[in-house]
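I sat down with this one today and kept notes as I went. Here are the entries, in the order I looked things up.

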Amino acid sequence: MKTKALRRSAAPIALATTLLVAFLVLLSPLSASAHDALVSSSPAADESVDVVPAALTLTFSAKLIGGEGATEVVVTDPSGASITDGPATVDGAIVTQPLTGSGPAGAYHVIWKVVSSDGHPTSGEYSFTVTVGDEGTATTEPTTAPTTTAPTAEQTAAPAPTATAVTDSGDSADGSAWIWVVAIVAVLVIAGVVVWIIMSRRRGGPRTDSDPSSER
């Protein structure tokens with residue numbers, strides 16, 4: 001009878017172990033066949049930069065397979081023109097694409113294609129934004145000159161009373177708020193003490209009455 005019970009209890013354990021081993025065997029090829037993914041980039045996706053950088057870098061999760069035609073990167077400006085300057089280079093898991101280093105402000109589009117460490121090609125795309133561009137140097141010079149004229153004296157005199165008014169109102173509001181907080185805390189403490197005294201008296205009363213009855 002004991003051997004039958006042991007066999008019955010061991011059967012579920014053996015079944016669970018078999019299912020676990022089968023699950024691991026099926027999972028291992030799936031994890032091994034996963035393509036390498038893009039980990040980071042510079043400029044990054046949806047990032048805003050002042051001007052077009054001299055080069056674009058892509059960092060992947062594993063070492064890529066190089067070779068002629070294996071890696072391709074295309075970067076276009078807002079008009080759709082390519083700003084790549086020569087072929088991309090692969091150094092382990094990092095792809096570097098030289099750029100012209102110049103271009104107007106606007107949205108730039110990146111399309112990349114690489115060969116993963118498992119031999120399968122993978123691709124993707126993203127965009128980043130240039131906020132200033134080449135035209136920014138010409139527009140910033142005239143805007144800085146008129147700011148040194150006479151209106152600066154009027155502008156510095158105007159904000160002075162507004163700052164004092166705001167700080168005074170903030171201090172008074174904070175002071176009144178602290179007073180209310182202290183008052184509420186004090187009321188709660190007093191109420192808690194009163195409740196504790198009443199409860200302690202109720203608990204002590206029946207004990208004094210029961211003592212004489214126990215002696216009798």
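**Entry 1: the open sheet.** I began with the sheet of this predicted model. I found four strands in an open sheet, ordered β2-β8-β7-β4, with mixed pairing. The edges are taken by β2 (48-49) and β4, each with a single partner strand, so one side of each is left without a neighbour in the sheet. A reminder to myself: strands of a sheet pair through backbone hydrogen bonds, either parallel or antiparallel.

**Entry 2: who pairs with whom.** I looked up β7 (residues 106-115) and β8 (residues 121-130) next, and they run antiparallel, joined by 10 bridges. For the register I noted that Trp112 stands opposite Gly124 in β8, and that His109 stands opposite Ser127 in β8. Then I turned to β2 and β8, which run parallel and are joined by two bridges. There I noted Ser48 opposite Thr129 in β8.

**Entry 3: the hairpin.** How many residues lie between the strands in the hairpin of β7 and β8? I found five, and Gly119 takes a positive phi near 95° in this hairpin.

**Entry 4: the two faces of β8.** In a regular strand the side chains alternate between the two faces of the sheet. I checked β8 for this, and its side chains do alternate. Thr122, Gly124, Tyr126, Phe128 and Val130 point to one face and are buried. Pro121, Ser123, Glu125, Ser127 and Thr129 point to the other face and are not buried. I went back to the register with this in mind: Gly124, opposite Trp112, is on the buried face of β8, whereas Ser127, opposite His109, is on the other.

**Entry 5: the core.** Which residues have the most contacts inside the largest nonpolar core? I wrote down Leu56, Leu58, Val73, Val75, Val95 and Phe128, in a core of 19 residues. The elements that give two or more residues to this core are β3 (55-60), β4, β7 and β8. The most comes from β7, with four residues. Phe128 I had already met on the buried face of β8.

**Entry 6: stepping back.** I then went over the whole chain. I listed four helices and eight strands in the protein. From the N terminus on, the order is α-β-β-β-β-β-β-β-β-α-α-α. Of the 216 residues, 17% count as buried.

**Entry 7: around the cis proline.** I looked at β1 (residues 38-42) and found Ser41 in this strand. Is Ser41 buried or exposed? Its relative accessible area is 16%, so Ser41 is buried, the cut-off being under 20%. The Ser41 side chain reaches the backbone oxygen of Pro43 at 3.2 Å. Pro43 itself lies in the loop between β1 and β2, and the peptide bond from Ser42 to Pro43 is cis, with omega near 0°. The loop between β1 and β2 also holds Asp46. Phi of Asp46 is near 65°, a positive value in a residue other than glycine. With 69% relative accessibility, Asp46 counts as exposed.

**Entry 8: two more loops.** I placed Ser79 in the loop between β4 (72-76) and β5 (89-91). Ser79 is exposed, with a relative accessible area of 63%. Its side chain makes a polar contact of 2.8 Å with the side chain of Asp77. Ser79 and Ala107 are 28 residues apart along the chain, and their C-alpha atoms are separated by 9.2 Å. In the loop between β6 (94-98) and β7 I looked up Gly103, which counts as buried at 8% relative accessibility. Gly103 and Ala81 are 22 residues apart in sequence, and 9.8 Å apart in space from C-alpha to C-alpha.

**Entry 9: the helix surface.** My last stop was helix α4 (residues 159-215), where Trp196 is found. Why do I count Trp196 as exposed? The reason is its relative accessible area of 61%, where exposed means over 50%. Trp196 helps make a nonpolar surface patch of about 470 Å², together with Val185, Val189, Val193 and Ile197.

Notes
Residues numbered from 1 in each chain as written. Predicted model: local features only at pLDDT ≥ 70, side-chain atom pairs only at ≥ 80, totals over all residues. Heavy atoms only, no water. Patch = residues over 30% accessible without salt bridge, like charges linked within 9 Å, V, L, I, M, F, W, Y side chains within 5 Å. Areas by Shrake-Rupley, 256 points an atom, 1.4 Å probe, with all protein chains shown as cover. Salt bridge = Lys/Arg side-chain N within 4 Å of Asp/Glu carboxyl O. Buried < 20%, exposed > 50% of the residue type's maximum accessible area, 1.4 Å probe, protein only. Polar contact = N/O pair within 3.5 Å; in protein donor to acceptor, adjacent residues only side chain to side chain. Pairing = 2+ DSSP bridges. Core = buried A, V, L, I, M, F, W, Y, C linked by side-chain atoms within 4.5 Å.
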